[in-house]
Amino acid sequence: MAMLLLAIHGSIYSQEASLAPRLPNYPLDVAVDSKGVAYVVDRSLPGVWQWKDGQLSKFFQGSPKYRTPLNAPRCVLVTADDTVLVGDSATRDVYRFSSAGEPEAITGGKIGIPMDLAMTTDGTLYVADLELRMLLR
């Protein structure tokens with residue numbers, strides 16, 4: 001993953017300066033699906049970036065308004081079936097993206113600050129919560 005972040009950063013720094021504000025500035029986490037598509041959460045973008053076929057694009061654009069879905073994503077996970085999950089500290093929730101690319105809240109706002117996500121082979125989701133200082137299932 002570190003090499004992927006370096007590749008993304010290398011691509012960013014090789015872009016024209018006029019594009020810089022629209023590119024990731026502070027990547028927090030990255031996850032890769034079975035097809036090699038990477039999903040990146042960045043503190044400077046409300047939403048999720050997608051790195052596919054050497055191109056960076058917005059997978060989902062969140063609102064810059066606080067307490068709206070994916071305003072402050074902190075972590076991302078791709079499941080075994082390539083479902084994208086994103087932990088968002090602004091809404092205190094974890095979102096699952098549908099096949100249409102729409103986020104759906106799945107934890108009911110019961111998370112404090114989701115900092116990391118992990119899933120077992122049986123589909124159990126674990127969330128590391130910075131605020132509660134707990135690992136939630």
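Let me begin with a definition: a residue counts as buried when its relative accessible area is under 20%, as exposed when that value is over 50%, and as partly exposed in between. Please keep in mind that what we are looking at is a predicted model.

With that in hand, take Phe-59, whose relative accessibility is 22%, so that this residue falls into the partly exposed class, and set beside it Tyr-39, which is buried because its relative accessible area is 6%.

These two residues also belong together in another way, since the structure holds three aromatic pairs, and one of them is formed by Tyr-39 and Phe-59, in an edge-to-face arrangement with 5.0 Å from centre to centre and 75° between the planes. This pair links distant parts of the chain, with Tyr-39 in strand S2, residues 38–42, and Phe-59 in strand S4, residues 55–61, the two being 20 residues apart. Beyond this contact, ring pairs join Tyr-39 and Phe-59 with Phe-60 and Phe-97 into a cluster.

Let me now turn to a sheet. Three strands, in the order S9-S10-S11, make up an open sheet with antiparallel pairing. Its edges are strand S9, 114–119, and strand S11, 134–136, each of which pairs on one side only, and neighbouring strands of this sheet are turned against each other by 20° on average, with direction ignored.

How many bridges join S9 to strand S10? There are five, and the two strands, S10 covering residues 125–129, run antiparallel. As a single example from this region, Leu-117 has Val-127 in S10 as its bridge partner.

Technical notes: Residues are numbered from 1 along each chain as its sequence is written. This is a predicted model: local features need pLDDT of at least 70, side-chain atom pairs count only at pLDDT 80 or more; totals for chains, interfaces and linings use all residues. Side-chain values use heavy atoms; hydrogens and water are left out. Rings of Phe, Tyr and Trp (its six-membered ring) pair if their centres lie within 6.5 Å; planes under 30 degrees apart count as stacked, over 60 as edge-to-face and the rest as tilted. Helices (H or I, at least four residues) and strands (E, at least two) are DSSP runs, numbered from the N terminus. Buried means under 20% relative accessible area, exposed over 50%, partly exposed in between (1.4 Å probe, protein chains only). Two strands pair if DSSP finds at least two bridges between them. Axes are lines fitted to C-alpha atoms, for helices over the stretch in contact, and angles run from 0 to 180 degrees between N-to-C directions.
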